[in-house]
Amino acid sequence: MNSAARHLLDRPGTVLPLAKLDGGMLAWVGGKAANLGVLIAAGLPVPEGFCITTTAYQRVAAEAGLDAVLAELEAGAGGGASAGANRDTSAEGVAALAGLAERARAALEAAPMPDDIADAVRAAYAELGNNDGGRLAVAVRSSATAEDLPDASFAGQQDTYLNVAGEDALLDAVRRCWASLWTERAVAYRSDNGIDQRSVSIAVVVQEMVDAEVSGVLFTANPLTGRRHEAVVDAASGLGEAVVSGAVNPDQFVVDTASGRILEQTLGDNLGRTAGDNPSGSGEACLSDEQVLALAALGARAEEHFGQPQDLEWAFGPDGAIQLVQSRPITTLYPLPAPAATGREGSNGNASDDGGSDGATRAYLCASLLQGLTRPLTPMGLSAFQVLADAYRPAGGTYGAPVPFSYSQAGLRLFVDVTPVLRNKAGRRIFPAAMRAADARSVGALRYLMEDPRFSIIRRPKLGALKGSLRGSLKSVPQLAMIPQVLNGLVRPAAALERSRRAEQEFHRMLVLPEPATPARRLDFVERTLGGMITPGLLKQLPPPAAGYIWLGIVRWLLGPLVQPGDLQAVLRGLPDNVTTQMDLELWHAATIIRDDDEAARALTDEDPQELARRYAAGSLPATAQHELAAFLNKYGHRAVAEIDIGIPRWSEEPAHIINVLANYLRLSEPDQAPDRQFARAAATAEAKAAELAQRARRRGRIRGRLVSYGLRRVRTTAGRREYPKFGLIVALAALRAQLRQVGTVLADEGRIASPGDIFFLDLAEARVGLRGADLHELAAERRRTYNRELRRRRIPRLLLSDGTDVEAAMGARASATTTAGAHLPPGTLSGAPASAGTVTGKARVILDPAGAHLEPGEILVAPSTDPGWTPLFLTAGALVMEMGGPISHGAVVAREYGIPAVVGVPDATTRIATGDTITVDGAAGTITVGT
């Protein structure tokens, strides 16, 4: 029986010595106390003490009548486990939440402590150390059971009391710790982070006070840059609470724990010096080098024991001995990339920090962000991409390309190993230029790594290895076979379009599995389609848009100095034959029909989208709304937000998002803002710009003018089809998802998983194991927990090193070159990459997830990134601001086609701009001015 199960059967008593606690007792003693027990078991120095378990709190809470308050929190202002997305943030809602928190707190503070609990606490206190006269000073700390989340730590949410002396003072401090579980900030914090208020309990740790001469905190990995094996020590004279609370400016030390070297030292009075300096008259550090290194060594032992980097609080007593008073995981560290050979999820720990078989530090670019995704992918979504990628991995083990790439995973996101590019002379020239168009913010980080000696160019590769790499590339890169068709499309666009349309029809026929089919056959079909059928089918649709963009480059060359910034972007507005804009305009058309039906319009504007989705499934919407929604979903129901993840429900399964978008469209009252009119204006503007550019070219010769005119016609005829390969991929993933859902139903019916949807929290191999009879309940449940934690992570590294370094964070920490221009911009001005010309001033609307989002007509959409699932919002947006992307990223392309200004690649836009701010977006200059 494991430790956790044992403790569930053997409920501990009211008071336990810290030395008897372990990691399996979290539910009874909370995280802080459990970790102290682990430290003691590891032989690390911890002050003597005891824990008052959650059993005591739960008895007092029950007698205080807390259940009634919790019921109100669950039903109203505080909500349950899903409250984070739905909490009432109005003044009334905030006040109601604060009132309920105050009632819970007051009830606990007023509740009498049962005699047996009080006697047990007094007895444990009397046995502590040298407690003559019962006046021993102790620290009384809360130890809650809530779990830390990515970018959301529960540290500091409950209270700590220091230098508590005497039985009465101790019992009062314990009661106040219990009550601190219900401070306004703690209740609001749990509600914002979707933590069920009923699920949280609290224990209390009582320890001998350390008469600290110096104290502080130690991070066993750098919390700013993410780098493992780089410890950071903050230290100040006296009690460590001053450091933790920010009341003092501490001395700081950065230690390379692998070499035992102090890399940096900064004094608390802001007089900095590096290791080895001996400044005269600049003050002395509060720790010696020997003490700093001793702390780092203790931290390394704690990290090794816990298996992941730790945040420790410590103190040096008068005798010079170190005491550890707290240890907790550093929750904000991004997980390490998994080595490409295994494809398995990296960890927060440091078991491997090289990420490659050669032991060298490797660099990974986040492919998820390049696809407009900040959210994690489900395990099945990652598995699907692994099969897609492995289909083109040659026998040598690396993926075929002129410079070989390989894929990895970290934090349930896809990463691509760009180390070979950085160490290749040609790659250094080509790759940043390509990234400037796809994700402008990445360019600065890539150039930063090019200056790092760990990524220096490998010169004079062996001729045999080079030939082998090229042979593998030619065999395994199917794009090369498309070159003749692309060239043909340059001169025969009509024939290329016809071939592309036939290929699209063939592709759709390929996705049909004859019925009946066994679950094993369905899995075979999924793997076979992903492994060798999807990519060739999609590439056959690529030549027309590829030819269009080649023509755009030819036109740019023909015009030379005659072309101005933004001219060619303007030509790409209102492109015909773009499946994504067609989808959005068809949804708008459905809204206009619904608007003309009073009953249907009232239903969509007055009722909750989730309730409308239930009515749609039951076929009970007003007839017009039912018909229009069904017609749209029949054609586009395979789409979704984050649709490249096969594990994400499609709109046809969960139509509430589309219903909400339709309701937003019905609020549009200005005829000139109608999306079809905006699109038509954008197309007319583009045609006029094309004619103007042709006229300019004629100034340098009639033939040049004709070539420019011809080229721009080809661009507008074919470039709009750039969305079709992506559209086809989503059609395929939706078809394969339907097969997996049927397998999930079989597994659930056989009791292998809890629900059919759990199959998407397994990979393809695990699903096969389930069909053979394995119980996968706990595996799927743990995967869901991990996925839900990752959903809350806001910061995703663009470039991540195998030692955990977030490259952009490291650049900022060292005050290096930034990833975007704009260091000398006026206050209140943000800078990014120009994506769609035009200037608009309006109210900002920050949206992190389009599901259920409300965007008033003309508001400026501020988002971390977008994929096609977001684009229905574009129809009513006045402009677009994105944290991710470059001029050819999806959001930028669609913004141009709709003719709305857009700036992309704006660092931290969703935190530096608030909903309701008045901002001016200049899409040509790439700037956003806040407060104009």
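A charge is taken to sit over a ring if NZ of Lys or CZ of Arg is within 6 Å of the ring centre and within 35 degrees of the ring normal. In this predicted model, R714 lies over the face of Y710, and the charged end of R176 sits over the ring of Y161. The distances are tabulated below.

| Arginine | Ring | Distance from ring centre |
|---|---|---|
| R714 | Y710 | 4.8 Å |
| R176 | Y161 | 4.2 Å |

Aromatic rings also pair with one another, and the count comes to 9 aromatic pairs. In the pair formed by W314 and F316, the ring centres are 5.7 Å apart and the planes stand at 75°, so the arrangement is edge-to-face. W314 has 2% relative accessibility and therefore counts as buried; F316, at 4% relative accessibility, counts as buried. Elsewhere in the chain, one aromatic cluster is formed by F632, Y636, W651, Y724 and F727.

The model further contains an open sheet of 4 strands, ordered β14-β15-β13-β16, in which the pairing is antiparallel. Its edges are occupied by β14 (407–410) and β16 (799–801); each has a single partner strand, so one side of each is left without a neighbour in the sheet. From one strand to the next, the twist averages 40°.

Antiparallel pairing between β13 (residues 363–366) and β16 extends over 3 bridges, and A363 stands opposite L801 in β16. Helix α16 (residues 441–450) lies across β13 and β16, and runs at about 30° to β16.

Methods. Residues numbered from 1 in each chain as written. Predicted model: local features only at pLDDT ≥ 70, side-chain atom pairs only at ≥ 80, totals over all residues. Heavy atoms only, no water. Pairing = 2+ DSSP bridges. Helix = DSSP H or I, 4+ residues; strand = E, 2+ residues; numbered from the N terminus. Axes fitted to C-alpha atoms, helices over the stretch in contact; angles between N-to-C directions. Contact = heavy atoms within 4.5 Å. Phe/Tyr/Trp six-rings, centres within 6.5 Å; stacked < 30°, edge-to-face > 60°. Buried < 20%, exposed > 50% of the residue type's maximum accessible area, 1.4 Å probe, protein only.
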